[in-house]
Amino acid sequence: MTERGDRELLLVGVGFMGRPYVAAARRLGLRVRAIEAHDWAGAIEDLVDAVEPSHGRYGSLDELWAETVHAAVQAHRPTGILGFTESHVLGAAMAQDRFGLPGPSLQAAVISRNKALQRGRFRAHGIGQPEYLLTDDLAASAEWAGAHLPVVVKPLSSAGSDGVELVADAAAFESAAVRRASERPLLVESALEGPEYSWEALVRDGEIWFANLTAKTTTGAPHFVELAHRAAVSLAAPDAERVAELGRSVLSAIGMRTGIVHLEFRLTPSGPAVMEVAVRTPGDYIMELCSLAYGIDWHEMVVRLAVGAELPPPPEGPVRHSASLFVVSDPGEVVALDGLDAVRAHPAVVDAAFKVAVGDTVGRASSSLQRTAYAVLAADSPEELEEAIAFTRRTLSIKTVPAATEE
C-alpha cells in the first residue's frame, strides 16, 4: 500500500455510498482509518489503511458506534473525523468536541438526530414549520390530531421516509394508533402543502461556503417514498431569498459549525417550512448530483472541511443539470428485469442498476429501502435531462406477479 504522511481521516461508516470519501481522502494524501460494522469490515479492508470493527450496524444504536469512535480517536489521534450517516453522526461529534477537531458541533449533531428537539428549537427561533405534538401515547393524541387533520405521524430518529405516514381522517388515525401502539415517542404534525425541496450546504465555522437546492418528487401519501431528485434548481428571486434566509436561520438555531447540512422543507403558500434537518451526507446520490452539476467533488469538499484543509474558490453556478431516479415496483414476485443495458447506453446516464433479482419478493413500498432500481443522470440542458428522465422511466422495467399465498 502507498505510504502516506501522518495526516489521517477517521471515517465513521463506509458501506458503498461512503466510498467516494475514501477516494477523496487519498487524493488529498490522507491516511484513511475506517470504523465499520463487523459485517462490512472485510469488504472495505483493501480500500483503506486500517479498519476498526464496530458492534454498531447501520440504523442501529448510536451508542455502539460512539464507543468505537472514542476508542479509535483516543488511540490514534486523527487529523479529522467524518461521520457518514445517521447512526454515525453523534459518535463522531462527541469525539470532535472532546478532541477539538472540526465538526458540526455536538449541539447540532444531537438536534440532527432528534426531530422533536428540532421542532422545539425551531419554534423558539420563529422558523417556519408545521404545528406539532410530541406524544408517548398516539391514541391519547386523537383530539389534537382531529383538530389538525390531515396529520403526519413520524418517529423521532429515522431516514429515508421510514415510519413517516400521512393520516387523512379520524378513522385512519384510530387505525394508526392501534398499529403503532408500541411505538413511542412519536411526533404528530399538521401536514404541509407545497412542493418538496432539500437544501445542501457546505459550512465552515458557521459560514456557508456554498449551497445547492434540490427539487424532490415522491410517491405522495401515505409514505412519501422519494422517486426523483433534481439538483441545482432555481427559484424565483423572492422564494430564493426566503429559502436562503431559512437556511441561515436553521444553521444559527442548531449551532452549526463545520461540515455538510441537508435541510428538507416544503415551499408552502406562506413560505418555506422545515420538515427536518441533518448534519450528515444526504442520500439518494445527491452528493453525486451536486458534483456533476457544479464541476467540483462534493465528497472532497466535505473531507477538506473535516481535516481543516484549504477550500478552492466556490463555484459560480451550475455547469450541468443532474438528477437521480428511483423505481417503486408493484408488490409481488419479480419475474422479469428489462431495459438496463439500453438505459446504461444513453449518453445522459451516468449510472443505473436494479436492486432486486428475478425470484425476489417485493413488498409494498413504505420507505426508500424498498425501491427496486435507480439511475443517475447528467445533461447539458434541462430539456436534455428531462428527455433522459422520460426515456429511463419508459425503458427500465421490473415486472412482478402477485406472490403465492400460503394455504
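This report describes a predicted model, taking its sheets, helices and loops in turn.

## The eight-stranded sheet

Eight strands make up an open sheet, arranged in the order 13-12-9-10-11-14-18-16 with antiparallel pairing. Strand 13 and strand 16 (349–354) lie at the edges, and each has a single partner strand, so one side of each has no neighbour in the sheet. From one strand to the next, the twist averages 20°. At the strand 16 edge, five bridges connect this strand to strand 18, the two running antiparallel, and Val349 stands opposite Leu377 in strand 18.

Two helices pack on this sheet. Helix 11 (residues 298–307) touches strand 9 (196–204), strand 10 (207–218) and strand 12 (259–268), and its direction makes about 45° with that of strand 9. Helix 13 (residues 382–395) touches strand 11 (226–230), strand 14 (321–327), strand 16 and strand 18, and its direction makes about 15° with that of strand 14.

## Ala373 in strand 18

Ala373 belongs to strand 18 (residues 373–379). Is Ala373 buried or exposed? With a relative accessible area of 0%, Ala373 falls under the 20% limit and is therefore counted as buried. Leaving aside residues up to four places away in sequence, Ala373 touches Leu325, Phe326, Val327, Ala353, Phe354, Lys355, Leu396 and Ile398. Ala373 and Ala352 lie 21 residues apart in sequence, while their C-alpha atoms are 7.5 Å apart in space.

## The four-stranded sheet

A second open sheet consists of four strands in the order 5-8-6-7, and its pairing is antiparallel. Its edge strands are strand 5 (132–135) and strand 7 (165–167), each of which pairs on one side only, and the twist averages 25° from one strand to the next. Four bridges link strand 5 with strand 8 (residues 186–190) in an antiparallel arrangement, and Thr135 stands opposite Leu186 in strand 8.

Helix 8 (residues 170–179) lies across strand 6 (151–155), strand 7 and strand 8, and runs at about 140° to strand 7. Most peptide bonds are trans, but two cis bonds are found in this part of the chain, and each involves a proline. One joins Leu149 and Pro150, with omega about -5°, and Pro150 lies in the loop between helix 7 (142–146) and strand 6. The other joins Arg184 and Pro185, again with omega about -5°, and Pro185 is located in the loop between helix 8 and strand 8.

## Strand 4 and the crossing of helices 3 and 4

Strand 1 (residues 8–12) and strand 4 are joined by four bridges and run parallel, with Ile81 in strand 4 as the bridge partner of Leu10. In a regular strand the side chains alternate between the two faces of the sheet. Strand 4 (residues 80–83) is covered on both faces, since Gly80 and Leu82 on one side and Ile81 and Gly83 on the other are all buried.

How do helix 3 and helix 4 meet, and at what angle do their axes cross? The axes of helix 3 (residues 62–76) and helix 4 (residues 86–99) come within 8 Å and cross at roughly 35°, and the crossing is right-handed. The residues in contact include Trp65, Val69 and Val73 from helix 3, and Glu86, Leu90, Met94 and Phe99 from helix 4. Taken by class, this contact has nine nonpolar, five polar and three charged residues.

## Loops and helix 10

The loop between strand 13 (271–278) and helix 10 (286–294) contains Arg280, which is buried, with a relative accessible area of 8%. The side chain of Arg280 makes a polar contact with the side chain of Glu86, at 2.6 Å, and Glu86 is also one of the helix 4 residues that meet helix 3. Tyr285 lies in this loop as well; its phi is near 65°, a positive value in a residue other than glycine, and Tyr285 is buried, with a relative accessible area of 15%.

Helix 10 itself is mostly covered, with seven of its nine residues buried, among them Ile286, Met287, Leu289 and Tyr294. The residue that follows helix 10 is Gly295, whose phi is positive, near 70°. Elsewhere, Ala232 has a positive phi of about 55° although it is not a glycine. Ala232 lies in the loop between strand 11 and helix 9 (237–254) and is buried, with a relative accessible area of 14%.

Note on methods: Residues are numbered from 1 along each chain as its sequence is written. This is a predicted model: local features need pLDDT of at least 70, side-chain atom pairs count only at pLDDT 80 or more; totals for chains, interfaces and linings use all residues. Side-chain values use heavy atoms; hydrogens and water are left out. Two strands pair if DSSP finds at least two bridges between them. Axes are lines fitted to C-alpha atoms, for helices over the stretch in contact, and angles run from 0 to 180 degrees between N-to-C directions. Contact means heavy atoms within 4.5 Å. Buried means under 20% relative accessible area, exposed over 50%, partly exposed in between (1.4 Å probe, protein chains only). A crossing is left-handed if the near helix is turned anticlockwise from the far one by less than a right angle, and right-handed if clockwise. Ala, Val, Leu, Ile, Met, Phe, Trp, Tyr, Cys and Pro count as nonpolar, Asp, Glu, Lys and Arg as charged, and the others, Gly among them, as polar. A polar contact is a pair of N or O atoms within 3.5 Å; within protein, one must be able to donate a hydrogen and the other to accept it, and residues adjacent in sequence count only if both atoms are side-chain atoms.
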